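Q: Please take a close look at a single part of this structure and explain, step by step, how it sits among its surroundings. I am a first-year student, so please explain the terms as you use them.

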Amino acid sequence: MPACVLVLKERASAETLYKSLQDAGVPLTRVALVAPDQGDPGQGVLTPEPMEQVELLNPSIARNRRQKSMSRWLLPFGFMAGLTFTQITTLDTFSQFGPIGEALIGGLLGMGSGLMGSYAAAASVPSENEDGVRILRNRHQEQLWLLLLETPAGREVPWQLVQKTRPQQVVRLSEL
């Protein structure tokens, strides 16, 4: 889904833009307002969210989701690989546990390897928005408001309405 983040000086600009987009009938799949750390959340239509809870602005959320997804298939695969390896080799590392115990321990060790592999593989995939997120984190530290706008696939945000709010910066995070 196309997503962009507007960097604004004040909350009133974000509220005005949001109301203008609603009045124009622009379909938005997600709207998130990120308040500066020292900013007064105040009252308004949009409720500010912490930057750490917005997935597009926090790559560690995506990495954790990717790791859990990979572990769902790497753990059973690792168990079967460890079990198979124990059975096809003539190593007697855990022979004191008997043939079934030895195979089971081999399977558990393989499962542990699968878990480690899921962490390594999830950490090795770079974020596609890394540069944009770094820019936005810097703007957040400068005590500026961030407004995330996500539209359905194939729909653009009406840039004429966006330009009326005079954002300091517009960062596109994803496009389809």
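Strand β4 and its surroundings

A: Leu8 stands opposite Trp145, a residue of β4, and β4 is the strand that I will follow here. The model is a predicted one, in which local features need pLDDT of at least 70 and side-chain atom pairs count only at pLDDT 80 or more, while totals for chains, interfaces and linings use all residues. Residues are numbered from 1 along each chain as its sequence is written, and side-chain values use heavy atoms, with hydrogens and water left out. Helices (H or I, at least four residues) and strands (E, at least two) are DSSP runs, numbered from the N terminus.

Let us begin with the sheet. Five strands form an open sheet with mixed pairing, in the order β3-β2-β4-β1-β5; two strands count as paired if DSSP finds at least two bridges between them. The edges are held by β3 (48–49) and β5, each of which has a single partner strand, so one side of each has no neighbour in the sheet.

On one side of β4 is β1, and these two strands pair in the antiparallel sense over six bridges; besides the pair already named, Ala3 is placed opposite Glu150 of β4. On the other side is β2, joined to β4 by five bridges and again antiparallel, with Leu149 of β4 as the bridge partner of Val31. Further out, β2 and β3 run parallel and are joined by two bridges, while β1 pairs with β5 in the antiparallel sense over five bridges, Leu6 standing opposite Val170 in β5.

Is β4 enclosed or open to its surroundings? Six of its six residues are buried (under 20% relative accessible area; exposed is over 50% and partly exposed is in between, with a 1.4 Å probe and protein chains only), so β4 is largely enclosed by the rest of the structure. In a regular strand the side chains alternate between the two faces of the sheet. In β4, Trp145, Leu147 and Leu149 are on one side and Leu146, Leu148 and Glu150 on the other, and both faces are covered. The neighbouring strand β1 has a similar account: six of its six residues are buried, so β1 too is largely enclosed, with Ala3, Val5 and Val7 pointing one way and Cys4, Leu6 and Leu8 the other.

Within β4, Leu149 deserves a longer look. Its relative accessibility is 1%, which is why Leu149 counts as buried. Leaving aside residues up to four places away in sequence, Leu149 touches several others, among them Leu6, Leu17, Leu21, Leu28 and Val157, where a contact means heavy atoms within 4.5 Å. Leu17 is 132 residues away from Leu149 along the chain, yet the C-alpha atoms of the two are separated by 11 Å. Leu21, with the same sequence neighbours left out, touches Leu149 as well as others including Val26, Pro158 and Leu161.

These leucines lead us to the largest nonpolar core, which has 17 residues, and Leu6, Leu17, Leu21, Leu147 and Leu149 are those with the most contacts inside it. A nonpolar core is a set of buried Ala, Val, Leu, Ile, Met, Phe, Trp, Tyr and Cys residues joined through side-chain atoms within 4.5 Å. The elements giving two or more residues to this core are β1 (3–8), α1 (11–23), β4 (145–150) and α5 (159–164), and the largest share, four residues, comes from α1. Apart from this core lies another one, of 14 residues, including Val7, Ala32, Leu57 and Val171.

Finally, consider the helices that lie across β4. Helix α1 lies across β1, β2, β3 and β4, running at about 20° to β4; such angles run from 0 to 180 degrees between N-to-C directions, with axes being lines fitted to C-alpha atoms, for helices over the stretch in contact. Helix α4 lies across β1, β2, β4 and β5, running at about 140° to β5. The buried residues of α4 are Gly132, Val133, Leu136 and His140, and seen down the helix axis they fall within an arc of 95°, so they line one face of α4; the arc is that of the directions from the helix axis to the C-beta atoms. What covers these buried residues includes β4, while Asp131 and Gln141 are exposed on the other side of the helix.
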